[in-house]
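Visitor: I am new to this structure and should be grateful for a close look at a single part of it. Please begin with the charged surface and continue from there.

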Amino acid sequence: MERRTANFRGATLTMKPTCEQLRELAARDPVLGEAMERVPPFPGFPVGRLARGSHFQAIARSISHQQLAGAAARTIYGRVCALTPGPRFPTVEECLSLPDEAFRDAGFSAGKTRAVKDLAGKCAAGSVRLRSVSRMSDDEVVDMLSGVWGIGEWTAQMFLMFRLGRLDVMPAGDLGVRQGMRILDGLEERPAPGAVLERAEPWRPLRSVGTWVLYRLCDP
């Protein structure tokens, strides 16, 4: 699959698929193809705020937004950013120097504080190698990030798709993905993650496009 990439402050910008590739995807799955015509086109990632800052800051932002509604997540994230100079999330060095109480006072739970601290520590020690992440396979990235306390497969998959711009990501356990699949196929209940993976197999190597469609089907 042809992709154009460019470096952007440590991120790899992967351009969206060609029109021909999208037509081939729609032809392989006409049900998905019909849905693709009803939702906004796949934008390619990262874009906007998802492309800003370092890889570490992007993952830390995902941690801060876990299990929170949009407004609450933005408020707490803003408070943590205000702990250090500048508009962005604290750097690796700043996170390691800040006491746990500073994160807790800003609204982080004990679990999120531990996760961010563990991520920063592993980045500093070199066991999490974010500078070379663009050269790793999807599985290698998931394995590496899953070694951080509090980071699971879902967070790693969000990093792959929205930060690295990988085009074949299918977070089958995501509630929004499962709900989108229910809507797509007119099912009475959300399918199990295994069924989502099987259903999305024909979408390879553009499962990120299918994921985008499923998310958009859940929009009001």
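Guide: A patch of positive charge on the surface brings together Arg49, Arg52, Arg74 and Arg88. Such a patch is made of residues with over 30% relative accessible area and no salt bridge, like charges being joined within 9 Å; a salt bridge is a side-chain nitrogen of Lys or Arg within 4 Å of a carboxyl oxygen of Asp or Glu. This is a predicted model, in which local features need pLDDT of at least 70, side-chain atom pairs count only at pLDDT 80 or more, and totals for chains, interfaces and linings use all residues. Residues are numbered from 1 along each chain as its sequence is written, and side-chain values use heavy atoms, with hydrogens and water left out.

Within the patch, Arg88 belongs to the loop between α4 (70–81) and α5 (92–97); helices are DSSP runs (H or I, at least four residues) numbered from the N terminus. Arg88 counts as partly exposed because its relative accessibility is 32%, the limits being under 20% for buried and over 50% for exposed, with a 1.4 Å probe and protein chains only.

A charge of the opposite sign may be set beside this. Asp174, in the loop between α9 (153–163) and α10 (175–185), is buried yet has no salt bridge, and the nearest side chain of opposite charge, Arg178, is 8.5 Å away. The side chain of Asp174 does make a polar contact (N or O atoms within 3.5 Å, one able to donate a hydrogen and the other to accept it) with the side chain of Tyr215, at 3.0 Å. A polar atom of the Asp174 side chain also lies 2.7 Å from the backbone nitrogen of Gly176.

Terms used: Patch = residues over 30% accessible without salt bridge, like charges linked within 9 Å, V, L, I, M, F, W, Y side chains within 5 Å. Areas by Shrake-Rupley, 256 points an atom, 1.4 Å probe, with all protein chains shown as cover. Lys, Arg positive; Asp, Glu negative; His and termini not counted. Charge placed at Lys NZ, Arg CZ, Asp CG, Glu CD. Helix = DSSP H or I, 4+ residues; strand = E, 2+ residues; numbered from the N terminus.
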